[in-house]
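Work through these exercises with the model open. Try each task before you read its solution.

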Amino acid sequence: MNEKEVVLIIGGGIAGIQAALDVADQGVKAYVVESTPSVGGHMAMLDKTFPTLDCSACILTPKMVDVGRHPNVELLTYSEVKRVKRNDRGFEVKIVKKPRYVDVSKCTGCGVCARHCPVEVSDDFNAGMDVRKAIYVPFPQAVPLKYTIDEEHCIRCELCKRICESIGAGAVNLDQVPEEVNLNVGAIIIATGYKPFDAKRKKAYGYGKYANVLTALELERLLSAAGPTAGHILRRSDGCIPKRVAFVQCVGSRDSHHGYPYCSRVCCMYAIKDSILLKEHIPDVDVTIFYMDIRTYGKGFEELYQRAKEEFKVQFKRGRVARIYEIPENQNLIVRAEDTETGEILQEEFEMVVLSVGLAPPDGIAELSKILEVPLDEYGYIEEADAKVDTVSTKVPGIFVAGTALSPKDVPDSVSEASAAAMKAVTFLRRRK
Ligand SMILES: Cc1cc2nc3c(=O)[nH]c(=O)nc-3n(C[C@H](O)[C@H](O)[C@H](O)COP(=O)(O)OP(=O)(O)OC[C@H]3O[C@@H](n4cnc5c(N)ncnc54)[C@H](O)[C@@H]3O)c2cc1C
Ligand code: SF4
Ligand code: SF4
C-alpha cells in the first residue's frame with residue numbers, strides 16, 4: 001500500500017482505538033501499535049464511567065472488537081516503535097514486536113495452558129490485588145484474545161507447550177524472537193495516554209505501608225464484578241467490609257512539591273462517581289470526600305455532584321489532608337486535614353482511605369518524543385502546535401496527538417480529540433496527494 005494512504009497510531013487506549021476507527025472508516029489503512037498484549041488502555045480497568053454511571057466495559061468492548069475486526073485496521077500489539085525517519089513522502093517506521101512465545105495465528109484463546117502453568121504472578125491489571133499465571137491474557141475481553149508468556153516470571157517448565165500440543169493447537173513457541181516490522185506511513189497519531197500518579201511519592205499518606213490505603217484505580221477494580229473480589233468492597237488488612245471510607249482529593253495534582261502543579265480534571269468526578277457506587281455496594285457506609293475545590297465543569301457533572309450530596313448523603317469536607325496515620329490495633333486510619341478556609345484542624349477515623357491520584361505522563365514518552373522529534377511541554381506531555389486553535393496537531397507536520405497523551409482529560413474529551421486527529425491526519429494525506 002502507498003504510504004499516502006496509511007496512518008500509524010501509537011497507543012491503543014480509547015483515544016487510539018477511536019482514531020483508528022475514524023481513519024479506517026475513511027478508506028485509509030490504520031496501523032495501531034500498542035505496547036501491552038491488548039488494546040483497551042486504562043478504560044478497560046474502570047468499573048463505571050461518569051457522569052452517566054454506564055458500565056465502562058459495555059462501552060469499550062464493542063469498540064475494541066470493531067477495531068480488531070475492521071478490514072482497514074491492523075493491530076500490532078505487544079509492539080514498540082523503535083525508529084522513525086522522515087522522508088519527502090512521509091515516515092519510515094521501524095517497529096519491534098516483542099516475543100509473546102505464543103504463535104497468535106495458532107492460539108485459540110482457550111486458556112488451558114494458563115490452568116496448567118504452575119507460576120502465579122501479581123496481576124497488574126487488577127492493581128496487584130489478585131494473581132495471574134506466567135502465561136496469561138491481561139483481562140477476559142482482551143483484543144486480540146491471544147495468550148502471552150511473561151518472560152520475567154516463566155520458569156520454562158514447558159507444561160503449557162505440552163498441554164497446548166496435546167489439544168492440537170501447538171501455539172506455544174518458547175524459541176520465539178523479537179520480530180521487526182518496517183512500515184512507510186503518511187501520518188502519525190500519538191495516543192500514548194497517561195500513567196496514574198505514583199501515590200508512594202506522597203509519603204505522608206502511607207500508601208504501600210498501610211494496608212487500607214488504596215488508590216482510586218484499585219478501588220475501581222474492587223468495585224468491578226470482574227475484579228479480584230467479584231465486586232465486593234473488602235479491606236486488604238482483614239477482609240472486612242468498611243463502614244467509614246474517606247477519599248483524599250488532588251493526590252499528585254495541584255501540588256508542585258510532591259507531584260504536578262496542574263489539575264488532573266478527572267479526579268473530582270471519579271471520586272463523586274465512586275462514592276455513589278460505594279453507597280450502592282454498601283448501603284450503610286459513610287463516605288467523606290476531603291477536597292480543595294470540587295471541579296464539575298462538564299455536561300451532567302454538577303448534577304451528579306448534587307445527587308451525591310442530596311440523594312446519597314456523601315459528605316464533602318473542605319480540607320487539604322496533611323497526614324494519614326494507621327492505628328496499629330485495628331488498622332483503621334486517622335485522617336488529619338486543615339480546613340483551608342478557617343485554618344481549623346480536622347481529624348477523623350476511617351476504615352478505608354482512597355487516594356484520588358492524578359494523571360501523569362506515561363513511561364517512555366521522553367524516548368518516543370526523541371524518536372519522533374516531537375517536543376514535550378513543561379510537564380512531559382506532547383506539546384500541541386497551538387493550545388488555542390490547533391490543539392491536536394504537534395509542532396511536526398504530519399504528526400498529530402489525541403487523548404491524555406496531550407494532557408489529563410476524561411473519556412468523552414479523549415474520544416472527541418481522537419476523531420479530530422483522525423480527520424486532520426486524513427486531510428494531511430489527501431492534501432499531499
Ligand atoms: C481512577 C480513575 C477513574 C477514572 N474514571 C473515569 C470515568 O469514570 N469517566 C471518564 O470519562 N474518565 C475516567 N478516567 C479517565 C480515563 O481513564 C481517561 O480519560 C482515558 O483512559 C484516556 O484514554 P487514552 O486513550 O488517552 O489513554 P490510556 O487509557 O492511558 O491508553 C493509552 C494506551 O497507550 C499505550 N501506550 C503507552 N505508551 C505507548 C508506547 N510508547 N507505544 C505503544 N503504546 C503505548 C498504553 O499501554 C495504553 O494502552 C478515570 C481515570 C482514573 C485514574
Ligand atoms: S497457547 Fe494453546 S493452550 Fe494456551 S490459549 Fe493458546 S491455544 Fe489454548
Ligand atoms: S513454560 Fe512458563 S508459561 Fe509455560 S507453564 Fe511453564 S512457567 Fe508457565
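**Exercise 1. How many bridges join β15 to strand β22, and how do the two strands run?**

Solution. Keep in mind that this is a predicted model.
Step 1. Locate strand β22 at residues 352–357.
Step 2. Count the bridges to β15: there are three.
Step 3. Check the direction: β15 and β22 run parallel.
Step 4. Pick one pair to look at. Val213 stands opposite Val353 in β22.

**Exercise 2. Put the strands of the open sheet that contains β15 in order, and find its edges.**

Solution.
Step 1. Five strands form this sheet, in the order β15-β22-β16-β17-β18. Their pairing is parallel.
Step 2. Look at the two ends of the order. β15 (213–215) and β18 (315–318) each have a single partner strand, so one side of each has no neighbour in the sheet.
Step 3. Add the twist. On average, neighbouring strands of this sheet are turned by 25° against each other, direction ignored.

**Exercise 3. Decide how enclosed strand β1 is, then find its partners.**

Solution.
Step 1. Strand β1 covers residues 6–10. A residue counts as buried when 20 or more other C-beta atoms lie within 10 Å of its own.
Step 2. Five of the five residues of β1 are buried, so the rest of the structure largely encloses this strand.
Step 3. Sort the side chains by face. In a regular strand, side chains alternate between the two faces of the sheet. On one side of β1 are Val6, Leu8 and Ile10, and on the other are Val7 and Ile9. Both faces are covered.
Step 4. Go to β2. Five bridges join β1 to β2, and the two run parallel. Ile9 stands opposite Val32 in β2.
Step 5. Go to β13, residues 187–190. Four bridges join β1 to β13, again running parallel. Val7 has Ala187 as its bridge partner there.
Step 6. Bring in the helix. Together, β1, α1 and β2 make a right-handed β-α-β unit.

**Exercise 4. Describe the shell around ligand 1.**

Solution.
Step 1. The shell has 39 residues, and the closest are Gly11, Gly13, Gly41, Gly193 and Gly403.
Step 2. Split the shell by class: 18 nonpolar, 15 polar and six charged.
Step 3. Find the elements. α1 (14–25), β2 (29–34), α5 (216–223), α6 (267–281) and α9 (411–432) each supply at least two residues.
Step 4. Find the domains. Domain 1 (3–98 + 178–194 + 361–432) and domain 2 (197–358) each give at least three residues.

**Exercise 5. Describe the shells around ligand 2 and ligand 3.**

Solution.
Step 1. Ligand 2 has 14 residues around it; the closest are Cys107, Cys110, Cys113, Cys164 and Ala169. Two or more shell residues come from each of α3 (112–116) and α4 (159–166).
Step 2. By class, the ligand 2 shell has 11 nonpolar, three polar and no charged residues.
Step 3. The residues surrounding ligand 3 include Cys117, Cys154, Cys157 and Cys160. Arg156 and Glu158 are also among them.
Step 4. By class, the ligand 3 shell has 10 nonpolar, no polar and two charged residues.

**Exercise 6. Is Lys395 buried, exposed or partly exposed?**

Solution.
Step 1. Place Lys395 in the loop between β25 (390–394) and β26 (399–401).
Step 2. Count its surroundings: 14 other C-beta atoms lie within 10 Å. Exposed means 12 or fewer, and buried means 20 or more. Lys395 is therefore partly exposed.
Step 3. Compare two distances. Lys395 and Glu373 are 22 residues apart in sequence and 9.2 Å apart in space, C-alpha to C-alpha.

Key:
Residues are numbered from 1 along each chain as its sequence is written. Chains are lettered from A and ligands numbered from 1 in the order in which they are written. This is a predicted model: local features need pLDDT of at least 70, side-chain atom pairs count only at pLDDT 80 or more; totals for chains, interfaces and linings use all residues. A residue is near a molecule or strand if its C-beta atom, placed from the backbone, lies within 6 Å of it. Ala, Val, Leu, Ile, Met, Phe, Trp, Tyr, Cys and Pro count as nonpolar, Asp, Glu, Lys and Arg as charged, and the others, Gly among them, as polar. Domain bounds come from an automatic or database domain assignment. Two strands pair if DSSP finds at least two bridges between them. A crossover is right-handed if, with the strands pointing away from the viewer, the path from the first strand over the helix to the second runs clockwise. Axes are lines fitted to C-alpha atoms, for helices over the stretch in contact, and angles run from 0 to 180 degrees between N-to-C directions.
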